[in-house]
Structure formats: structure tokens, C-alpha cells
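Welcome! Open the viewer, keep the selection tool at hand, and follow along one stop at a time.

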Amino acid sequence: MKVGIVGDATRGVAWEHHLRPHNIVREVTLCPSIFDLDSVDACIILDETEQNLDILLEGVRKGFNCFFVAKQPTDIKKLEKIHRSARESNSQIQFAQWPSLAPATRWMMDKISKPSFIHIEREIVRNQMIQVANEFRSHWIDELGLCMKWADSGIHHIEAKQISITSDSPTIAHLFLRFDNGTTATINLYAAAGENRHKRIVSSKNEIMECDVPEQTVKYGRNSNANRIYFEKETFDATKAAEKAALIFLKSIQLNRETGYTSYDALQLAIQVERVESRLNQFS
């Protein structure tokens, strides 16, 4: 499989390293522009500029299978064009929605494929954030995307509230989601913490999991024969996230199946982000 990497050269070299362990990759081409690529089986786009969705659209129109490695986009009109073009060209697209692609999360999704309850707590040290408002927004969007992917259902009801202690940036956000299939999810974000913490709790009727996200450790509990909760612990290597995500993408192309986070997933997330922000503006 021939893979093209488009974007910053330093990041491109790092991603070439992530591709090396995969035997299905026989050639890697690094180039600064999508227009420099001729024929490739897969294309990794590394671009954080405002024009990155236009670059992705151009790649899809050229018939490339694309892995879009950038902050989660929320431009509905552009995502609609990309999704439509991908279907017309039969191109596979994967977005770097890291909460859904992380090794620990993939394992958890295999264990509990149909959760009844999702609860996410994230506490952030404020002075470690550079652009507080933008980073704060990106954090809850990432968690919303994970909840939607995991619940795999339409959202029936949303409640959202945000508090800003200072006038220029938010401090607290709370989201409550009820999905059409009965799953509920809560997302709590606090950006004035003394130390960074990030935890996800997911449960079905018979199982429960708690994930320490920075450590990528999962405590998995299920009902034992003695009617007690039996726990086991799994630990995952966070440094392998990009390598594993690349493999998910390449396997999707090879087997002609959905990627880890598709253009449809990204479009639906953008639609719900608009809905959440409408709530935030109404009640915050």
C-alpha cells in the first residue's frame, strides 16, 4: 500500500514512523501540498489551518482515501460537501477523533458495545491552557463526539449550561444527553482545577468500566457468581494511539469497511455541536 503524507515536514516524519510497523505499507511519500500527490492508496492530511477542510475536500475529489489529522471540525456545510463527495468517489475518510480511537476506548467499546450510561469528568489546570475559550470548546466537543459514537443512536434531548467566572473564557460546562435508544450521558468540564484529572465511567446493565484517561488504565467490573462485582484492570500504551489509529484506517481501506470515525460521524457531531451551542447561549 502506498501512503502519502501531506503537511508539515516535522509532523510528517513522525507519522511516517507510526506507519513503519505496519507490513501493509510498502511506500511513504511526504509532500507539502495535496496537489503534489499523484496516485496513492491512502493519504494522511496534517493541517491545522482554517483551509484544512478545503484540502480534505480536494483529496476526496482526487479519489484519495484520507485520514484527517486535525482538531475536530464543525463547519456543517463543508462537512456535508466532504461526506457527499466521499460517497460519490467511494473514498474512505477517517477523522482523528482521538477519544474514540484511543486504544483504551477501543477495548472498552468491545467490552460494552451498547452502554446504558456514560459519565465523563474532566478537570483542567487553567494556566496550562493557552487559548482557554478555544481549548475549552474543543474538550467538550471531543467528549460529545465520543458519547455519540459509543451510543450509536440519535439524540432525543440535550441540556447544556456553561459558567464563565471571567468575561473572556468559560470555567464550567455541563452537558446532559438522552439518546433515542435510552442511553444517557453526562459531560462535566471544569477549567479551574488544582491538578489535571480525566475520568470516564461507562455501564451496561451487567458491567461497569472506569477509565483513567491520562494513564490509559481501565478498571472493568462485572457481576460474579457470588452476586458481587468482580474487577480486573487493563493498562494501555498511550504512545501507541497514533500508530493504532493509522492501522484502523489502513485496514478499513484494505477490507473496504467503515473507518474508526467516518465523515458521517463528523457531520452528525457538527450538527449536534450547533444544537449544544444554541442551548449554551440560551441558558448560560
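## First stop: two oblique helices

Select α6 and α8, which are oblique to each other. Keep in mind that this is a predicted model. α6 covers residues 132–151 and α8 covers residues 263–283. Their axes are 10 Å apart and meet at an angle of about 125°. That angle falls outside the ranges for roughly parallel, roughly antiparallel and roughly perpendicular, so the pair counts as oblique. The crossing of α6 and α8 is right-handed.

Now show the side chains where the two helices touch. On α6, pick R137, W140, I141, L144, G145, M148 and K149. On α8, pick D265, Q268, L269, Q272, V273, V276, E277 and L280. Colour the contact of α6 with α8 by class and you will find eight nonpolar, three polar and four charged residues.

## Step back: the whole chain

Zoom out for a moment. The chain has eight helices and 13 strands. Along the principal axes, its C-alpha atoms fill a box of roughly 55 × 50 × 35 Å. How does the radius of gyration sit against that of a compact globule with 284 residues? The globule would be near 19 Å and the chain has 19 Å, so the two agree.

## The five-stranded sheet

Next, select strands β1 to β5. They form an open sheet with parallel pairing, in the order β2-β1-β3-β4-β5. At its edges are β2 (27–31) and β5 (93–95), each pairing on one side only. Look along the sheet to see the turn between neighbouring strands, which averages 15° with direction ignored.

Zoom in on β4, residues 66–69, which pairs with β5 in the parallel sense over three bridges. Click on F68: its bridge partner in β5 is F95.

## The eight-stranded sheet

Hide that sheet and select β6 to β13. Here you have an open sheet of eight strands with mixed pairing. Trace the order across it: β7-β8-β9-β6-β10-β11-β12-β13. The edges are held by β7 (155–163) and β13 (229–235); each has a single partner strand, so one side of each is left without a neighbour in the sheet. From one strand to the next, the twist averages 10°.

## Two hairpins in a row

Stay with this sheet and select β11 (residues 207–212) and β12 (residues 217–223). These strands run antiparallel and are joined by six bridges. Two pairs are worth labelling: E207 stands opposite R222 in β12, and C211 stands opposite V218 in β12. Four residues lie between the strands of this hairpin, where Q216 takes a positive phi near 55°.

Move along to β12 and β13. This pair is also antiparallel, with seven bridges. Label N223, which stands opposite I229 in β13. Which residue of this hairpin takes a positive phi? N227 does, near 60°, in a hairpin with five residues between the strands.

## A helix across the strands

Add α5, residues 103–111, to the view. This helix lies across β10 (197–203), β11, β12 and β13, and runs at about 175° to β11.

Then bring α6 back. α5 and α6 pack at an angle of about 30°, with their axes 11 Å apart. That makes the two helices roughly parallel, because angles under 35 degrees count that way. Their crossing is right-handed. Show T105, M108 and M109 in α5, which meet L146, K149 and W150 in α6. The contact of α5 with α6 has four nonpolar residues, one polar and one charged. You may recognise K149 from the first stop, where this residue was part of the contact with α8.

## Last stop: a perpendicular pair

Finally, select α1 (residues 9–19) and α7 (residues 241–255). They pack with axes 8 Å apart at an angle of about 70°. α1 and α7 are therefore roughly perpendicular to each other. Like the other crossings on this tour, theirs is right-handed.

Show W15, H18 and L19 in α1, then A242, E243, A246 and L250 in α7, which they meet. In the contact of α1 with α7, five residues are nonpolar, one is polar and one is charged.

Methods: Residues numbered from 1 in each chain as written. Predicted model: local features only at pLDDT ≥ 70, side-chain atom pairs only at ≥ 80, totals over all residues. Heavy atoms only, no water. Pairing = 2+ DSSP bridges. Axes fitted to C-alpha atoms, helices over the stretch in contact; angles between N-to-C directions. Contact = heavy atoms within 4.5 Å. Parallel < 35°, antiparallel > 145°, perpendicular 65-115°, else oblique. Left-handed = near helix turned anticlockwise from the far one by under 90°. Nonpolar A, V, L, I, M, F, W, Y, C, P; charged D, E, K, R; others polar. Rg over C-alpha atoms; globule rule 2.2 N^0.38 Å.
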